[in-house]
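Colleague: I am new to this structure and would be grateful for a close look at one part of it. Please begin with the chain as a whole, and then explain how the chosen part is placed among its neighbours.

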Amino acid sequence: MRSARTSATGRLQRFTLPNGLRVVLAPEQGTGVCAVGLRYGVGFRDDPPGRPGLVHLLEHLMFRGRPGTSDDPGAAGVPGRAGGYANAATGQDSTDFHQVVPAGLLAGALAAEHDRMAGPRPNAAALATERDVVAEEIRRNVTGRPYGGFPKSLLPPLLYRSYAHTHDGYGDMAALADVTPQECQDFFDRHHTPGNAVLTVVGGFDPETVRRLIGRRFGDLPARPVPPGEAPPEPEPVTDRYGRHTDPLAPLPAVCVGYRLPDPAADLTGYLAHVLLAALVEQRLRGRLVARENTAVAVTADCGLVGGPFAARHPVTLACTVTHTETIGTDAVVSALDAELAALAGHGPDPDELLLVANRWISGLLRHHDAPHVRVRSLGAFELIHADAALYERVPRLLATTTPAAVVRAARRLCDAHRAVLTLVAESRHPRTPLPHREALG
């Protein structure tokens, strides 16, 4: 098999087919399963203006597969017949498909991804069906549940301004009502190219055998131009931004404060300090508001709104969300957050506190990666987004060596930054403190 690039780092093998498809192999001896992931460098930030949700809709069409191929609708294909697992997801900058199958059925799983990459060839009936599925997903996950879309769909329009960063990736069904099969096919042909994708295989297999199999299976797909994958830069906000959302289903009010983070590709060390800063803030706020003051019921602080902290290109968002009782309002929650950030910026975390938080974060990451479908997705994301699948294995060590001084710098950066403050009002309930309106939501 002729390849344009071949490299090996630890147990990982990376190579590129002549058509531009990047491949990452992670053989694991002693396991009877294999996971296959195919991640494309197109996400909902790439939705065309006027078509919010087109990438998500196309994900559904591609997952459905083409009649007469090895990939039947949903889990009825290779994984479903073997008791395995298959799923897909649309992120900000990528779309990924993943399967877990018995090792003996790896060839069939690769054939299914080949068929998917060859193109969905949608018809009007399939498009109408998947549009209904997307509408039901929106009802189930956003409009029909408490706190649906809070904060990942509601915070970006407040923190950012450009269409790429502000529209809802789930989709607008009115905007998608007149999408045609040809429009979907044309978008697929432009964006879902071999050169804009990473194929990852994890599990019990012989690397040389699988390399040859991939070369034969995917080598017939023609190379196509790779579209530019970066959204235009957006200026930093020059003032804090405030917004309000009324939720008719939420039992309690909530607040989310969002910050823009440094570019993880340009400053990974600084970015990881913000990851641990978020964990420290979450732990401290939970102890303060939930355990001691009994004024909140839930606190989270996460880097990355969709797919985790390593699944998106710049800009990445840190979102601190507090679900609280009616005894306090937005101002009290934000003041508590500011106090904890100021303390970390002024004195830093105690080394033992930082070590505990880092160990918890790393152990949670490693436990999460125990699942084959998570490992295959993470490797694909690191290769596609960060051009280095081996970061998957280095990130725990980098987190473990993050210093208190690095966390101090991250905290000072957030203290000096302008942010977005989004208040969720439980319908028929009234916040006890008025919401400031220095800049309206819009």
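Modeller: Accessible areas are obtained by the Shrake-Rupley method with a 1.4 Å probe, and for residues only the protein chains shown count as cover. On that basis the protein chain exposes about 18,000 Å², of which carbon and sulfur atoms supply 55%. The model is a predicted one, in which local features need pLDDT of at least 70 and side-chain atom pairs count only at pLDDT 80 or more, while totals for chains, interfaces and linings use all residues. Residues are numbered from 1 along each chain as its sequence is written, and side-chain values use heavy atoms, with hydrogens and water left out.

The protein chain has 442 residues, and 56% of them are buried; buried means under 20% relative accessible area, exposed means over 50%, and partly exposed lies in between (1.4 Å probe, protein chains only). It contains 15 helices and twelve strands, which are DSSP runs numbered from the N terminus, with at least four residues (H or I) for a helix and at least two (E) for a strand. Of the contacts (heavy atoms within 4.5 Å) between residues at least 6 apart in sequence, 81% join residues at least 24 apart.

The part chosen for a close look is strand 3, residues 22–27. Because six of its six residues are buried, strand 3 is largely enclosed by the rest of the structure. In a regular strand, side chains alternate between the two faces of the sheet. Here both faces are covered: Arg22, Val24 and Ala26 are buried on one side, and Val23, Leu25 and Pro27 are buried on the other.

Which strands pair with strand 3? Two strands are said to pair if DSSP finds at least two bridges between them. Strand 2, residues 12–16, is antiparallel to strand 3 and is joined to it by four bridges. Within this pairing Phe15 stands opposite Val23. Strands 2 and 3 form a hairpin with five residues between the strands, and Gly20 in that hairpin takes a positive phi near 100°. Strand 7, residues 197–203, runs parallel to strand 3, and six bridges join the two. Val24 of strand 3 has Thr200 of strand 7 opposite it.

Another hairpin offers a contrast in how the faces are covered. Strand 5 (residues 85–90) has a covered face made of Ala86, Ala88 and Thr90, whereas Tyr85, Asn87 and Ala89 lie on an uncovered face. Strand 5 is joined by six bridges to the antiparallel strand 6, residues 95–102, and four residues lie between the two strands of this hairpin. Ala86 is placed opposite Gln99 of strand 6. Gln99 is also one of the residues in contact with Glu113, beside Val36, Leu38, Phe97 and Phe218, when neighbours within four places in sequence are left aside. Glu113 belongs to helix 3, residues 106–118, and it counts as buried because its relative accessibility is 0%.

A further comparison is the open sheet of five strands, which has the order 8-12-9-11-10 and mixed pairing. Strand 8 (241–247) and strand 10 (296–303) stand at its edges with a single partner strand each, so one side of each is left without a neighbour in the sheet. From one strand to the next the twist averages 15°; axes are lines fitted to C-alpha atoms, for helices over the stretch in contact, and angles run from 0 to 180 degrees between N-to-C directions. Helix 10 (residues 268–292) packs on this sheet, where it touches strand 10 and strand 11 (317–324), and its direction makes about 175° with that of strand 10.

Finally, the side chains gather into nonpolar cores, each a set of buried Ala, Val, Leu, Ile, Met, Phe, Trp, Tyr and Cys residues joined through side-chain atoms within 4.5 Å. The largest has 64 residues, and Tyr271, Leu277, Val281, Leu285 and Leu337 have the most contacts inside it. Helix 10 gives the largest share of this core, 13 residues. Apart from it lies another core of 45 residues, among them Val42, Ala86, Ala88 and Leu106. Ala86 and Ala88 are thus members of this second core as well as of the covered face of strand 5.
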